[in-house]
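Take a look at the protein and its ligand below. This report walks through the chain, its core, one sheet and the ligand's surroundings.

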Amino acid sequence: MKEFLNHKKGVIVAEMKKIAHPRQVILVSTRGKVKSKFSPEEDEKDNLFTLSWHMPVSNEPQLYAISSGKERFSTKLIQESKVFAVNFMSSEFEKEVVYCGTYSGEHIDKFEETGLEKEESEKIDCPRIRQAMACLECEVVNEVEAGDHIIFIGKVINSISKKQGKRIFQMNDRFIGAGDER
Ligand SMILES: Cc1cc2nc3c(=O)[nH]c(=O)nc-3n(C[C@H](O)[C@H](O)[C@H](O)COP(=O)(O)O)c2cc1C
């Protein structure tokens, strides 16, 4: 018992989210209508945000889930448009991934700011990233409240695999590249 207590003392209490690391980091692209500052019409806004909380959740039908903070600008865009695209990035895009995960797209254009190039998705009305290694085009079929996040479950309408290489993973406060061959 004593040993156990001593041992327990030595345990470092880590944050839940860090225990779940390493996690692959992705960029989700969105397109939605927002109120215009200058006219009664609505503006269309394309945006990007960084996620490490995401996963495949069903084979038949093919479903992919992302967990998006309730207050995120991207959450509002997805709730409005009911679509999103998942972009799997290579480790060379660490700077862009950090940028998209640091600044809100509400008042800036993250495609312009990062230099990531837009290409139109084939099956949904939403941009994808040209430089992505792979993409999933998703239509929202369910929204689940999970504490301070919303889990969007997307039906994968189209999946594109473009290149091989190292994907970007988050490990505590740093990023690592992993997974050469597919
Ligand atoms: C490495 C990394 C991982 C992140 N993972 C998530 C995530 O899984 N879910 C989420 O809602 N936000 C996540 N974020 C935070 C958002 O990307 C960030 O708040 C972003 O600025 C939101 O952009 P938006 O306001 O344009 O939607 C992450 C940020 C970083 C840097």
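This is a predicted model. The mean pLDDT of the protein chain is 92, and 93% of its residues reach 70 or more. Residues 1-6 are another matter: their pLDDT is below 50. Beyond near neighbours in sequence, that stretch makes zero contacts in the model.

**The chain as a whole**

The protein chain has five helices and twelve strands. Its C-alpha atoms fill a box of roughly 70 × 40 × 35 Å along the principal axes. Of its 182 residues, 30% are buried. Now take the contacts with a separation of 6 or more: residues 24 or more positions apart account for 64% of them.

**The nonpolar core**

In soluble globular proteins, nonpolar side chains tend to be buried together. The largest nonpolar core here holds 31 residues. Those that touch the most other members are I26, L27, V28, F84, A85, V86 and M89. Several elements give two or more residues to this core: β2 (26-35), β3, β5, α3, β6 (83-88), α4 (94-100) and β9 (134-146). The largest share, five residues, comes from β6.

What does V86 touch, leaving aside its neighbours within four places in sequence? V86 is in contact with I26, V28, H54, Y64, C135, L136 and C138.

**An exposed residue in a strand**

A146 lies in strand β9. Is A146 buried or exposed? A146 has 11 other C-beta atoms within 10 Å, so it counts as exposed. The cut-off for exposed is 12 or fewer. A146 still has contacts: not counting residues up to four places away in sequence, A146 touches S67 and I151. A146 and G69 are 77 residues apart in sequence, and their C-alpha atoms are 9.3 Å apart in space.

**A three-stranded sheet**

Strands of a sheet pair through backbone hydrogen bonds, either parallel or antiparallel. One open sheet in this model has three strands, in the order β1-β11-β12, and the pairing is antiparallel. Why do β1 (23-24) and β12 each have one side without a neighbour in the sheet? Both stand at the edges with a single partner strand, so one side of each is left free of a neighbour in the sheet.

Strands β11 and β12 are joined by five bridges. The two strands form a hairpin with two residues between them. In the turn, N172 has a positive phi of about 50 degrees. The table gives two of the bridge pairs.

| Residue | Bridge partner in β12 |
|---|---|
| R167 | A178 |
| I168 | G177 |

**Around the ligand**

How many residues surround the ligand? There are 20, and the closest are W53, S74, G101, S104 and G105. Which elements each supply at least two residues of this shell? They are β3 (42-51), β5 (63-69) and α3 (73-81). β3 gives the most, with four residues. By type, the shell divides into seven nonpolar, twelve polar and one charged.

Some elements appear in two of these pictures. β3, β5 and α3 each supply at least two residues of the shell around the ligand. β3, β5 and α3 are also among the elements that give two or more residues to the largest nonpolar core.

Definitions and conventions:
Residues numbered from 1 in each chain as written. Predicted model: local features only at pLDDT ≥ 70, side-chain atom pairs only at ≥ 80, totals over all residues. Near = placed C-beta within 6 Å. Nonpolar A, V, L, I, M, F, W, Y, C, P; charged D, E, K, R; others polar. Pairing = 2+ DSSP bridges. Core = buried A, V, L, I, M, F, W, Y, C linked by C-beta atoms within 7 Å. Buried ≥ 20, exposed ≤ 12 C-beta atoms within 10 Å, placed from the backbone. Contact = placed C-beta atoms within 7 Å. pLDDT = per-residue confidence, 0-100.
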